[in-house]
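This report is intended for a reader who is learning to examine a protein model residue by residue. Please keep the sequence and the structure in view while reading.

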Amino acid sequence: MKIGMMNNPQMDLLAEIAWAYKNHFEFMDLTLEPSAAHPRQVKLKQTRRALREGNLDIVGHTAYYLPLASPLETLRKAALKEMRLTLKVFSELGATKVTVHPDKSIPFALGSKGVWEKNLESLEAIESLAAPLGITILLENMDRTFNTTKEIGDALARIP
């Protein structure tokens with residue numbers, strides 16, 4: 001077993017990595033999102049060095065609030081564009097596993113089945129972005145859709 005910690009994305013990422021190392025954590029659940037850890041803010045060279053020097057593995061963690069099932073297709077595509085950038089940065093940092101969160105979106109606009117389908121559409125797109133980078137996508141169950149073993153099983157049957 002390994003003991004890890006999630007960084008606070010509102011704090012300086014390099015300081016969070018140093019703190020994890022100093023406190024003997026073995027990996028980081030590395031969250032890349034605003035306000036201080038957006039993928040565009042990550043200093044790749046320094047972050048790779050800090051992770052290596054701290055002997056810290058990482059599991060990537062994406063922003064939980066991306067509109068992956070938005071009824072507005074332009075917003076859903078923007079979320080996928082953001083995901084592409086995030087996956088690229090995770091890949092450059094050496095992550096081989098990245099957590100993604102389903103979007104509960106707006107059920108009255110799409111219905112529960114529509115939200116389910118939009119999430120699966122987005123997850124299929126994310127999987128196709130992640131696979132060439134050597135990244136396995138992890139699906140986090142939350143207080144929204146994809147929160148039962150049946151729903152997760154059905155999703156995994158469609159997207160192995």
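The following paragraphs describe a helix, several loop residues, a contact site and a pocket. The model is a predicted one.

**The helix α1**

The account begins with helix α1, which spans residues 13-22. Which residues of α1 are buried? They are L13, E16, I17 and A20. Viewed down the axis of α1, these buried residues fall within an arc of 100°, and therefore they line one face of the helix. A general rule helps in reading such a pattern: because an α-helix has 3.6 residues a turn, residues three or four places apart point the same way. The buried residues of α1 pack against β1 (4-6), β2 and α2.

The two ends of α1 may be considered next. At the N-terminal end, D12 acts as a cap, with a side-chain oxygen 3.2 Å from the backbone nitrogen of L14. At the other end, α1 is followed by H24, a residue with a positive phi near 65°.

**Loop residues with particular backbone geometry**

H24 belongs to the loop between α1 and β2. Its positive phi occurs in a residue other than glycine. H24 counts as exposed, because its relative accessibility is 67% and the cut-off for exposed is over 50%.

N55 likewise is not a glycine and has a positive phi, of about 50°. It is placed in the loop between α2 and β3 (57-61). With a relative accessible area of 65%, N55 is exposed.

A further backbone feature is found at P34 and S35, which are joined by a cis peptide bond with an omega of about 15°. S35 lies in the loop that runs between β2 (27-31) and α2 (44-53).

**Buried residues in loops**

E33 is also located in the loop between β2 and α2. Is E33 buried or exposed? It counts as buried, because its relative accessibility is 10% and buried means under 20%. The side chain of E33 forms a polar contact of 3.2 Å with the side chain of Y65. Leaving out residues up to four places away in sequence, E33 touches P9, H38, T62, A63 and Y65.

The loop between β4 and α4 contains H101. At 3% relative accessibility, H101 counts as buried. Which side chain forms a polar contact with the side chain of H101? It is that of E140, at 3.0 Å. In addition, a polar atom of the H101 side chain lies 3.3 Å from the backbone oxygen of T62. When neighbours within four places in sequence are set aside, H101 is in contact with H61, T62, A63, Y64, L68, E140 and M142. T62 and A63 thus appear among the contacts of H101 and among those of E33.

P102 is placed in the loop between β4 (97-100) and α4. P102 is buried, with a relative accessible area of 1%. Its C-alpha atom is 9.0 Å from that of S122, although the two residues are 20 apart in sequence.

The accessibility values of the residues discussed are collected below, together with that of L110, which is described afterwards.

| Residue | Relative accessibility | Class |
|---|---|---|
| H24 | 67% | exposed |
| N55 | 65% | exposed |
| E33 | 10% | buried |
| H101 | 3% | buried |
| P102 | 1% | buried |
| L110 | 28% | partly exposed |

**A residue of helix α4**

L110 lies in helix α4. It counts as partly exposed, with a relative accessibility of 28%. The C-alpha atoms of L110 and A69 are 9.0 Å apart, while the residues are separated by 41 places along the chain. Not counting residues up to four places away in sequence, L110 touches A69, S70, P71, V115 and K118.

**The largest pocket**

What is the volume of the largest pocket? The volume is about 180 Å³. The lining consists of L123, E127, T136, I137, L139, A155, L156, I159 and P160. Two or more lining residues come from each of α4 (107-130), β5 (136-139) and α5 (149-158). The largest share, 3 residues, is given by β5. By class, the lining comprises 7 nonpolar, 1 polar and 1 charged residues.

Key:
Residues numbered from 1 in each chain as written. Predicted model: local features only at pLDDT ≥ 70, side-chain atom pairs only at ≥ 80, totals over all residues. Heavy atoms only, no water. 1 Å grid on protein atoms, 1.4 Å probe; cavity = no way out; pocket = protein on both sides within 12 Å on 5 of 7 lines; lining within 4 Å. Points joined across faces, edges and corners; volume = space filled by probe spheres on them. Helix = DSSP H or I, 4+ residues; strand = E, 2+ residues; numbered from the N terminus. Nonpolar A, V, L, I, M, F, W, Y, C, P; charged D, E, K, R; others polar. Buried < 20%, exposed > 50% of the residue type's maximum accessible area, 1.4 Å probe, protein only. Polar contact = N/O pair within 3.5 Å; in protein donor to acceptor, adjacent residues only side chain to side chain. Contact = heavy atoms within 4.5 Å. Arc of directions from axis to C-beta.
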